[in-house]
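Q: Please take a close look at one part of this model and follow its contacts outward into the rest of the chain. Where does it lie, and what does it connect to?

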Amino acid sequence: MRFNVSLILVAATFHSASAFTFTVPSKPRASVRLETKFASHPNGVTSDTKLSKRASSGDDDDSAANVAKAATKLASSINAIADNPFGKDEAVAVAMSAPLSQAADIDAVNDAPLLADIDMLSDMLAEVVKKENPAVYDLYTTFRKLGMKRSANPDDPTPFEEMKKLAYDISPNDTLGVMKTFSIALNLVNAAEVHHRMRLVRKNEHADDTHHIGPLPMIEDSIRGTMEILLEEDEVSPDSIFERLISQKCEIVLTAHPTEVNRRTLILKYRNISELLAQLERPGLHPFERAEASNNLRGIIAAIWGSDEIRRIKPTVQKEAAGGCAVIESVLWDAVPSYLRKLDAQCRVTLGKKLPVDVAPIKFASWIGGDRDGNPNCTPAVTQEVLAYQKLRAAKMFLNDLNFLYSELAISSRFSPELEALAATIENSDDELEKYRRVIGHLRRRLVRTVKDCEAKLQSLAKSPETLSAEAAFGALEGWEDVEPIMKTDDLMAPLKVIYESLVTTGFELVADGRVSDIIRRVAIFGLTLVPLDIREESTKHTLALDAITRHLGIGSYKEWDEASRLSWLQSELTSRRPLFRIRDVEQNLFDFDPDVVKTLMVFKVASEQEPESLGAYVISQAKSASDVLSVMLLQKQFGMEERLMRVVPLFETLDDLTGSPKQLETLFGTTSYMDAINRKQEVMVGYSDSAKDAGRLAACWAQYTAQETMAEVATKFGVELTFFHGKGGTVGRGGNPALYRAILSHPPNTINGRFRVTEQGEMIRQNFGSLEIAERSLDIYTAALLRERFTKHVEPKQKWRDQMQRVSEASCANYRYFVREDPRFVPYFRQATPELELGILNIGSRPAKRNPKGGVESLRAIPWTFAWAQTRMHLSAWLGVGAGLNSEVSDLLIRLFMFRN
């Protein structure tokens, strides 16, 4: 007998009502239905399971009884999952950690302020639209009322029919106006929700009447809640927690993936709205201040209504890089030291230890300006320009900080011997007695020199107009021409730490823990480059470059060699001292190489000219073999980077590549010259978006899990410290997970170990780092999850579970690939049902939508693929193939899945 099993997940969080339903027919029109709902109550979370049988003629009672028995076992597993150590507090925690859109219901009490904010903003928008275009206002309000009627009574077809008739009759101009109004209204809801999420955090803190104290929220996915769990439930010592905390490293990599469709000017306006909503809630607000804030809200909404929401010009890579820098300057520059101050205070309260001032548990990096994969607009010159721009912005930000610090530290006595010695090395200073100012003044002059050098370089690279001079921006600082620029982080960090230690040892610890600490933490996290820049390039580009070189040398075609021949030649050249060519000959293209080959090679020249701290990883997309990694190592060596190699990171992003990844690491780690070069440290990137597009989400998830497990085992075998870099997007179909804390804890055992690197892409940058409070909350979740994971005892999947998942994965992948690759109806349907072609012409990113402009769906990038389905609200990329995989097994599979989850 073959059972048809379907699993429907209605909601993803335990505090909300969640339902699991499966139906098993034994005869046509006969089935058994199991439905389980989760609900929160004052003492925790409960589950309610209902079992019903739908009868029909010829019903097989024995089969139905067997299914009912299996369903009862499943219900027991579900009820076990509802066991919640945090009780009602975790329900509040989940509500605070996730957007309201992820909740199954609205809390009449907690969400009442949000609903009031939405009503106020909606009324303000309606006022603006009514004044500007009464016809659009009437249509908007009519559509809104009909939509609310349909939502209140989904079974009544009348409102929907009226909406269709109304939509059919309106003009194109009015259609555009109505759509724009709804778009603004939804963005206003988002802005209100940003404020509301932090309102709930603060409300929970004020309601906390326990003996615990600390600046961070007492919830599971905060460092405060995590420390309490580790101390009280897991009985971990404070020393162990502290040692793991200060040694862990989470690096968040900002990318310019084209999923943020909103213009930056509008994003800033919506952020201002969230801030004004917070201002209106301040206690003791004067009536005039309240009226002024309300008028400012109306003004911003009117400006949004009058703005063009669509980018008319495609952004350049340089503008995307400027946008990434703007996130750091406007939010993270303040959010990072603010969060670290709270983390320090929490460590003192909970662990009795002070967080070292230069510890950086969270760091940032960027792909914007270095991601060349399929983007012809990201040239070597652009990469060089972006690097210079980032250094310029960092120098100006630190110069601004030092100006404030100079005005604060007018201390004229009690200095440490180290500070006295440092001050004595500085000549031509008017600050004789105020020796902190003497040191800071010298650093300011050196930073002015850095700014001037960066400005000159940018003008030579981009032929840009004269920029605002350092003197005009920060005041005249004489003598900057006579000092050396600050080009390395240590040149700034070392004197700042001398200042800090001097203040602490001479009785000014409170002064040291203020602005001085903040600046040191910024230096530790952002450095003199703001963010280190990763470079990403497709593996075939390196193959073509080496093929051109071997052909020029007359030793054959590298592209046509098999893997063994490639590895043999690469290993030989890596140990040879003889260069393959003179760099200036490639610059002048004396070898008549293809222009794309020259571009690929010139990237290495640009990298060789940078300070090592300016660069991060060299990521190889579409990595398929060990030779792909060694080829990049050889090209770095050719351009003189042996002593400052960028770490080479293979990106495995298809099902076959993930499956074969452990073998590739075995080959690499078995190469002596490679192991000597990497100092027994390796980073590997796992691609979530492309693997899901290649094999379907379920098969991709299982391949990602098993590949990471096996690669970790290979690394342990060879004594290599392995770090995984997770290339995740925001949507479920691209590896995203709104429950970030639990998502990190769910990674395979022994694959994180306090080292975690992950991308934040497009719209997720705004969602997670768009405001000061939300950014601090995101940093807190990352830090807490990484700490908790180091003490988590993971469930080791049994072999029969693995066998079951492998069968499910294979069935799911086969079904997904049949529809996407073989069914002749799929591509025409995709073209007609989604706005894929229209998305390709939108000016939302510098990168083309396809790797191959002439290719079909197979060459479409994972982002526009997922984005296109999201516009239809069908989200096919998140579920296609999942049902077929689950249907391949009987209901016992569901029991095993829930046992594995628990």
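**From one loop outward**

A: Arginine 414 is located in the loop that joins helix H12 (380-408) to H13. Helices here are DSSP runs of H or I with at least four residues, strands are DSSP runs of E with at least two, and both are numbered from the N terminus. The model is a predicted one, in which local features require pLDDT of at least 70 and side-chain atom pairs count only at pLDDT 80 or more, while totals for chains, interfaces and linings use all residues. Numbering starts from 1 along each chain as its sequence is written, and side-chain values rest on heavy atoms, with hydrogens and water left out.

Although arginine 414 is not glycine, its phi is positive, near 60°. Its relative accessible area of 48% makes it partly exposed; the classes are buried under 20%, exposed over 50% and partly exposed in between, using a 1.4 Å probe and protein chains only.

Beyond this loop comes helix H13 (residues 417-424), which holds glutamate 420. Glutamate 420 forms a salt bridge with lysine 435, with 2.3 Å between the closest N and O atoms. A salt bridge here means a side-chain nitrogen of Lys or Arg within 4 Å of a carboxyl oxygen of Asp or Glu. Lysine 435 lies in helix H14 (residues 435-462), 15 residues from its partner, and the pair thus links distant parts of the chain. Both partners are partly exposed: glutamate 420 has a relative accessibility of 30% and lysine 435 one of 21%.

Helix H14 has a further charged contact, in which arginine 446 and aspartate 491 meet in a salt bridge at 3.8 Å, N to O. Because arginine 446 belongs to H14 and aspartate 491 to helix H16, this pair ties together parts that are 45 residues apart in sequence. Aspartate 491 is partly exposed at 30% relative accessibility, whereas arginine 446 is buried at 15%.

Helix H16 leads on to another contact: lysine 497 pairs with aspartate 358 in a salt bridge whose closest N and O atoms are 2.9 Å apart. Lysine 497 lies in H16 (residues 489-505) and aspartate 358 in the loop between helix H11 (317-351) and strand S6 (362-366), so parts 139 residues apart in sequence are tied together. Lysine 497 is partly exposed, with a relative accessible area of 31%, and aspartate 358 is partly exposed at 33%. In total the structure holds 48 salt bridges. Side chains of opposite charge can pair when their charged atoms come close.

H16 also contains aspartate 490, an exposed residue at 59% relative accessibility. Aspartate 490 and valine 523 are 33 residues apart in sequence, and their C-alpha atoms are 8.9 Å apart in space.

A second loop residue with positive phi is found elsewhere. Glutamate 235, which is not a glycine, has a phi of about 55°. Glutamate 235 is in the loop between helix H7 (223-233) and H8, and its relative accessible area of 68% makes it exposed. The axes of H8 (residues 238-247) and helix H29 (residues 772-791) come within 10 Å and cross at roughly 125°. Such axes are lines fitted to C-alpha atoms, for helices over the stretch in contact, and the angles run from 0 to 180 degrees between N-to-C directions. H8 and H29 are therefore oblique to each other; under 35 degrees would count as roughly parallel, over 145 as roughly antiparallel, 65 to 115 as roughly perpendicular, and the rest as oblique.

The strands complete the picture. Strand S9 (residues 647-652) has five of its six residues buried, so the rest of the structure largely encloses it. Strand S8 (residues 615-621) pairs with S9 in the parallel sense over four bridges, where pairing requires at least two DSSP bridges between two strands. Tyrosine 618 has valine 648 of S9 as its bridge partner. S9 pairs with strand S10 (residues 681-687) as well, again in the parallel sense, over two bridges. Valine 686 of S10 is the bridge partner of phenylalanine 652.
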